[in-house]
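Me: I am new to this structure and would like to learn how to read it step by step. Could we start with the cysteines and then move on to the rest?

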There are 2 protein chains.
Amino acid sequence: MKQSPSPAPSPDLAASRLRAAGLRSTRQRKALAALLFDSAGHKKCRHVTAEALHTEAVDAGIQVSLATVYNTLHQFTIAGLLREVVVDAGPSCFDTNTSDHYHLYNENTGELTDLSARRIRITGLPRLPAGAEVSRVDVVVRMRRRST
Amino acid sequence: MKQSPSPAPSPDLAASRLRAAGLRSTRQRKALAALLFDSAGHKKCRHVTAEALHTEAVDAGIQVSLATVYNTLHQFTIAGLLREVVVDAGPSCFDTNTSDHYHLYNENTGELTDLSARRIRITGLPRLPAGAEVSRVDVVVRMRRRST
DNA sequence: GTGTTTGCAAAGTGTTTGCAATTTA
DNA sequence: TAAATTGCAAACACTTTGCAAACAC
């Protein structure tokens, strides 16, 4: 599969990204960051579980333990590089899209898609008690094949 | 508390509710249904975890196993008596309010409150592919103490 | 009676953690 | 070299399941 001179998934792009986020740039973090953020052929927005990312890394010949993948995903999330998404029970999902957006969840396939928050408008939200603020509004549109 | 002719916390109300839902009325189900739907002094809308409901039942002198509580909560959910709510990882929550509504989640306390869907309007949702339908739109407003 | 439900304990997920060895800055 | 990170395996939290005994109808 390593066929042409086309650049291997970003040489030190990952490293600088890590630095910018205040994280030490280790072999494992660089590799995972490259998979998450820089791989060509990937859509901009990825939704991965720890398990899936670990498999992907191992398949790509990257030696990293599942525990480290978990830890790394959380560190990336805290650093603001990822956002954790909860649609239902089961493995939690990490989203490379950290901008303001919502989700479309396909109940039949489990597929998760981003919905730009630009088009969607939510009105009538309640006034919060003083001293409180909205940290985020999560919206999940659940869709399925029409049954009736 | 059984003072007036006013009915004690629903004698067979729970039983008939179960029948209506097509569930056999067993001792455990009746007791759990009574706790969930009929207890005086409770708010109309309850958000319980399996663990919490089990504890509550045991404290009330009801003999029931945690496994049965889990099973019963799912049966109630399938029967449309409850709705499962996911706000984040951790134990899943069951909501006695099955009407159309959203949730306010207090990140500091973990408290979950219902938001009537009547006031809230969501516009700009995407058109779905033919043959697909929206099964539900989940909205969670996450609030916290103002930090900045 | 017959099919359903229960409870237990065991197995199953998905995730976190303690700690020695390794790596980074 | 000091501090952070890794990997393993064990622990963990939450949930489901297999199966025999108990129960509802």
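Reply: Happy to. A disulfide is a covalent bond between the sulfur atoms of two cysteines. Here the rule is a pair of cysteine sulfur atoms within 2.5 Å, and by that rule the count over all chains comes to zero disulfides. Take C93(A), which is in no disulfide: the nearest cysteine sulfur, that of C45(A), is 12 Å away. C93(B) is in no disulfide either, and the nearest cysteine sulfur, that of C45(B), is 12 Å away.

Me: What should I know about the model and its numbering before going further?

Reply: This is a predicted model, in which local features need pLDDT of at least 70 and side-chain atom pairs count only at pLDDT 80 or more, while totals for chains, interfaces and linings use all residues. Residues are numbered from 1 along each chain as its sequence is written, chains are lettered from A and ligands numbered from 1 in the order in which they are written, and side-chain values use heavy atoms, with hydrogens and water left out.

Me: Is C93(A) buried or exposed, and how is that decided?

Reply: The general idea is relative accessible area: buried means under 20%, exposed over 50%, and partly exposed in between, with a 1.4 Å probe and protein chains only. C93(A) is buried, with a relative accessible area of 14%. C93(B) is buried as well, at 13%. Across chain A, buried residues make up 40% of the 148 residues.

Me: How many helices and strands does chain A have?

Reply: Helices (H or I, at least four residues) and strands (E, at least two) are DSSP runs, numbered from the N terminus. Chain A has four helices and seven strands. Read from the N terminus on, its elements run α-α-β-α-α-β-β-β-β-β-β.

Me: Could we look at one residue, say L18(A)? Where is its place in chain A?

Reply: L18(A) sits in helix 1, residues 13-20 of chain A. This leucine is buried, with a relative accessible area of 0%. For its surroundings we use contact, meaning heavy atoms within 4.5 Å. Leaving aside neighbours within four places in sequence, L18(A) is in contact with L23(A), R24(A), S25(A), R29(A), K30(A) and F76(A). K30(A) is 12 residues from L18(A) along the chain, and their C-alpha atoms are separated by 7.5 Å. For chain A as a whole, among contacts with a separation of 6 or more, residues 24 or more positions apart account for 46%.

Me: Now the two chains. Which rotation superposes chain B on chain A?

Reply: Copies are superposed by least squares on the C-alpha atoms of residues with pLDDT of at least 70 in both. Chain B goes onto chain A by a rotation of 180° with 0.0 Å of shift along its axis, at an RMSD of 0.1 Å. That is the relation of a two-fold axis. Of the interface residues of chain B, 100% are also interface residues in chain A, so the copies meet through the same surface.

Me: Which residues come nearest to DNA strand D?

Reply: A residue is near a strand if one of its heavy atoms lies within 4 Å of it. Of the 18 residues around DNA strand D, the nearest are T26(A), Q28(A), T68(A), Y70(B) and H74(B). Of the strand D atoms within 4 Å of the protein, 82% belong to sugar or phosphate and the rest to bases.

Me: And what polar contacts reach DNA strand D?

Reply: A polar contact is a pair of N or O atoms within 3.5 Å; within protein, one must be able to donate a hydrogen and the other to accept it, and residues adjacent in sequence count only if both atoms are side-chain atoms. A polar side-chain atom of R29(A) is 2.9 Å from a phosphate oxygen of DNA strand D, and R24(B) has a polar side-chain atom 3.4 Å from a base nitrogen of that strand. Helix 4 of chain B gives the most to the surface near DNA strand D, with four residues.

Me: Which helix gives the most to the surface near DNA strand C?

Reply: For DNA strand C, helix 4 of chain A gives the most, with four residues. A polar side-chain atom of T26(B) lies 2.7 Å from a phosphate oxygen of DNA strand C, and an N or O atom in the side chain of R24(B) is 3.0 Å from a base nitrogen of DNA strand C.
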